[in-house]
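User: Please take a close look at a single part of this model and set out how that part sits within the rest of the chain. A connected account is preferred to a list.

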Amino acid sequence: MSHLRNRFLALALALVLLGACLVVPVFAAGVTFSDVLPGSWYEEAVSWGVQNGVVNGMGNNKFMPDRECTRAHIVTMIWRAAGSPRSDSYKMSYTDVPKGSWYYDAVLWADYERITQGMTKTEFWPDYHCTRGQIVTFIYRIAGRPPQNTVTSPFTDVRSNAYYAKPVAWATEIGIAQGMTSRTFAPDDVCTRAQAVTFLYRYCSVYPILMFGEGPSVDDYAMVSKINASRAEYGLPKLSFNMQYWPCAVRRAQEQMVSFGHVRPNGSSWETIVYDFGLPQTNWRGENVQKANYTTFTVDASHTAFMNSASHRANILSTNYTSVSVCVLRENGGTFIAVLFWG
């Protein structure tokens with residue numbers, strides 16, 4: 001997966017020629033867009049999008065920020081932001097997404113990751129316009145359907161029973177999206193290219209898009225082996241790697257970059273993570289988290305540090321647990337480890 005480390009890139013060029021002041025274009029990754037003005041609310045997002053291969057210009061030095069996006073466009077942007085992962089082993093569900101189309105791999109992946117669904121069981125409607133409510137919902141699903149602190153939406157046009165109600169509340173709460181006015185979100189308005197890349201830019205500035213289809217890393221499995229080796233020294237049974245709850249470990253590792261500790265960025269206890277993925281709460285659960293240096297991190301050193309901490313050691317050697325989920329995330333110049341115990 002390609003991590004998104006370059007968060008900000010925006011350079012402005014001002015030219016005066018023959019006494020006439022020209023439009024100041026945005027420069028990003030060697031491409032100039034004459035229709036992206038310096039200081040515009042989407043300037044940094046466009047630069048980020050081009051720099052990271054999330055979005056391209058429309059030709060003739062134009063970005064066309066106000067152009068409306070289709071469902072195929074939006075899903076492809078999200079797929080590129082995730083590093084263009086492949087899901088070849090998964091079967092395409094939709095008859096209107098032909099193999100070989102420019103959006104085929106993106107739709108296949110998004111369906112596999114449960115980010116988007118078809119408009120019917122067999123049709124995706126790739127050329128159908130994507131609304132603001134839809135894109136916010138896609139990003140909400142990427143984030144693992146997190147809870148939000150906001151109880152009542154400030155927007156009069158967001159029905160409490162709408163499929164996008166929770167996504168809109170969450171996205172506006174953490175600053176990914178804003179209303180069109182103080183009282184309206186316009187969820188049914190078609191999303192523009194500027195809005196789409198800005199929503200993704202704001203999200204990726206907080207969280208990398210780490211998808212679950214990639215599976216646990218070598219470090220994840222190595223950490224479980226270390227845990228079981230320590231348990232064996234005390235005559236305790238091995239813990240199995242809990243793949244069903246592994247997405248919880250992934251999300252908790254991501255959240256350590258924002259708010260380190262056992263309290264989630266939204267202020268709730270780490271234990272609420274299971275509800276993000278519709279999983280039942282276990283009778284017993286425990287969490288070990290750790291931050292380490294990006295370059296010097298080793299599984300051995302990390303496990304030793306856990307064992308030297310009384311509370312972390314207690315989780316590792318507890319008889320209440322039967323399985324464990326681990327995510328070792330290297331991102332933003334650091335290594336973030338989440339070890340979740342289940343019983």
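Analyst: In this predicted model, Ala110 has a relative accessibility of 1%, and because buried means under 20%, the residue counts as buried. Ala110 belongs to helix H3, which spans residues 104-112. When neighbours within four places in sequence are set aside, the contacts of Ala110 are Val75, Ile115 and Thr116. Of these, Val75 is separated from Ala110 by 35 residues in sequence, yet the two C-alpha atoms are 7.0 Å apart in space.

Val75 leads to helix H2, where it is one of the buried residues. Helix H2 covers residues 71-81, and nine of its 11 residues are buried, so the helix is largely enclosed by the rest of the structure. Besides Val75, the buried set consists of Arg71, Ala72, Ile74, Thr76, Met77, Ile78, Trp79 and Ala81. The cover over these residues includes helix H3, helix H4 (132-142) and helix H6 (193-204). Just after H2, Gly83 adopts a positive phi of about 95°.

The loop that precedes H2 can be considered next. Most residues other than glycine have a negative phi. Two residues of the loop between H1 and H2 may be set against that background: Asn60 and Met64. Asn60 has a positive phi, near 55°, and Met64 likewise has a positive value, of about 60°, although it is not a glycine. Their surroundings can be described by accessibility. Asn60 is exposed, because its relative accessibility of 74% lies over the 50% limit. Met64, with a relative accessible area of 33%, is partly exposed.

From the cover of H2, the account moves to H4. All of this helix is buried, 11 residues of 11. The buried residues are Arg132, Gly133, Gln134, Ile135, Val136, Thr137, Phe138, Ile139, Tyr140, Arg141 and Ile142. They pack against H2, H5, H6 and helix H8 (246-256).

The packing of H4 with helix H5 (residues 165-173) has an angle of about 75°, and the axes are 8 Å apart. That angle makes H4 roughly perpendicular to H5. On the H4 side the contact involves Val136, Thr137, Ile139 and Tyr140, and on the H5 side Lys166, Pro167, Val168, Trp170 and Ala171. By character, these contact residues comprise seven nonpolar, one polar and one charged. Tyr140 and Trp170 also take part in a cluster with Tyr203, linked by ring pairs.

H6, which is part of the cover of H2, also packs with helix H1 (residues 43-51), at an angle of about 80° and with the axes 9 Å apart. H1 is therefore roughly perpendicular to H6. The H1 residues in this contact are Glu44, Ala45, Val46, Trp48 and Gly49, and those of H6 are Val197, Thr198, Leu200, Tyr201 and Cys204. Seven of the residues in the contact are nonpolar, two are polar and one is charged.

Aromatic pairing can also be followed beyond these helices. Across the whole structure there are 14 aromatic pairs. One of them joins Tyr321 and Phe341, which are stacked with 5.3 Å from centre to centre and 25° between the planes. Tyr321 is in the loop between helix H11 (310-316) and strand S8 (323-331), while Phe341 is in strand S9 (residues 334-342), so the pair ties together parts 20 residues apart in sequence. Tyr321 and Phe341 are both buried.

The figures for the protein chain give the wider setting. The chain contains 11 helices and nine strands. Of its 343 residues, 51% count as buried. Among contacts with a separation of 6 or more, 70% are between residues 24 or more positions apart; the pair Ala110 and Val75, which are in contact, has a separation of 35 residues. The accessible surface of the chain is about 15800 Å², and carbon and sulfur atoms account for 53% of that surface.

Terms used. Residues numbered from 1 in each chain as written. Predicted model: local features only at pLDDT ≥ 70, side-chain atom pairs only at ≥ 80, totals over all residues. Heavy atoms only, no water. Buried < 20%, exposed > 50% of the residue type's maximum accessible area, 1.4 Å probe, protein only. Helix = DSSP H or I, 4+ residues; strand = E, 2+ residues; numbered from the N terminus. Contact = heavy atoms within 4.5 Å. Axes fitted to C-alpha atoms, helices over the stretch in contact; angles between N-to-C directions. Parallel < 35°, antiparallel > 145°, perpendicular 65-115°, else oblique. Nonpolar A, V, L, I, M, F, W, Y, C, P; charged D, E, K, R; others polar. Areas by Shrake-Rupley, 256 points an atom, 1.4 Å probe, with all protein chains shown as cover. Phe/Tyr/Trp six-rings, centres within 6.5 Å; stacked < 30°, edge-to-face > 60°.
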